[in-house]
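The following exercises concern the architecture of a single chain. Each task is followed by a solution that proceeds step by step.

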Amino acid sequence: MRIAMTVNGGAVELDVPPFKRLLDVLREDLDLTGTKEGCGEGECGACTVLLDGEPLCACLVPVARCDGGEVVTVEGIMGSRGPDAMHPLQASMARLGASQCGICIPGMVVMGAHFVDAARREGRVPTEEEVRSAIAGNICRCTGYVKIVDAVLDAVQGGEV
Ligand code: FES
Ligand code: FES
């Protein structure tokens, strides 16, 4: 099936089986290996990307569902600002030591940046409970979440916590 979509701001057309997982298309056909496979069953969030502005698990999405859509991966979040100008969440995570093994981090950054951007647009500081709820679908086996939650709150407030 011929699929036409936008990936990280660029037009992409490719011939792929319609039920091939978006996760595999990103990694195998487009060399976007920042998106990780953890569980492969929609449980861990390591494969989180944005489709038309909404976070979802790329391991559960057949690529045909993305035809005509706009996909943003972790590379798009970094790349849109350049390597020397990270997303505020990435800067906060690095500064506060919110990453250990890194397996969960690409999905956490996509989900967290989506949350941070929305909070900054609305001009309000979320509660810790709201942050924990927003990243509830992203499983981290290392950090115990404290530093990740701190980083999200830090980024919402412009890195000044
Ligand atoms: S790999 Fe997709 S949710 Fe775990
Ligand atoms: S940093 Fe290791 S799984 Fe999150």
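Helices (H or I, at least four residues) and strands (E, at least two) are DSSP runs, numbered from the N terminus. The expected span of a helix is 1.5 Å times one less than its number of residues. The model is predicted: local features need pLDDT of at least 70, side-chain atom pairs count only at pLDDT 80 or more, and totals for chains, interfaces and linings use all residues. Residues are numbered from 1 along each chain as its sequence is written, with chains lettered from A and ligands numbered from 1 in the order in which they are written.

**Exercise 1. Compare the span of H4 with its expected value.**

Step 1. H4 has 18 residues, which at 1.5 Å a residue should span 26 Å.
Step 2. The end C-alpha atoms of H4 are 25 Å apart, in agreement with that value.
Step 3. Just after H4, Gly123 has a positive phi of about 70°.

**Exercise 2. Describe the order of elements and the overall dimensions of the chain.**

Step 1. The chain contains six helices and five strands.
Step 2. Along the sequence these follow the pattern β-β-α-β-β-β-α-α-α-α-α.
Step 3. The radius of gyration is 15 Å, close to the 15 Å of the globule rule for 161 residues, so the chain is as compact as a globular protein of that length. The radius is taken over C-alpha atoms, and the rule is 2.2 Å times the number of residues to the power 0.38.
Step 4. The C-alpha trace spans about 50 × 30 × 25 Å along its principal axes.

**Exercise 3. Characterise helix H6 and the surroundings of Ala155.**

Step 1. A residue is buried if 20 or more other C-beta atoms, placed from the backbone, lie within 10 Å of its own. In H6 (residues 146-156), the buried residues include Ile148, Ala151, Val152 and Leu153.
Step 2. Two residues are in contact if their C-beta atoms, placed from the backbone, lie within 7 Å. The buried residues of H6 pack against H3 (88-96), H4 (105-122) and H5 (128-134).
Step 3. Ala155, found in H6, is buried, with 26 other C-beta atoms within 10 Å.
Step 4. Leaving out residues up to four places away in sequence, Ala155 touches Pro88, Leu89, Ser92 and Val116.
Step 5. Just after H6, Gly158 adopts a positive phi of about 75°.

**Exercise 4. Locate the largest nonpolar core relative to the two domains.**

Step 1. A nonpolar core is a set of buried Ala, Val, Leu, Ile, Met, Phe, Trp, Tyr and Cys residues joined through C-beta atoms within 7 Å. The largest has 47 residues, and Ala58 and Val152 have the most contacts inside it.
Step 2. H4 supplies the largest share of this core, nine residues.
Step 3. Domain 1 (2-79) and domain 2 (88-156) both give residues to the core, so it lies between them. The domain bounds come from an automatic or database domain assignment.
Step 4. Beyond its neighbours within four places in sequence, Val152 is in contact with Leu89, Gly112, Phe115, Val116 and Val131.

**Exercise 5. Describe how domain 1 meets domain 2.**

Step 1. The C-alpha centres of domain 1 and domain 2 lie 21 Å apart.
Step 2. Contacts join 15 residues of domain 1 to 13 residues of domain 2.
Step 3. On the side of domain 1 that touches domain 2, the elements giving two or more residues are strand S3 (48-51) and helix H2 (74-79).

Note on methods
Buried ≥ 20, exposed ≤ 12 C-beta atoms within 10 Å, placed from the backbone.
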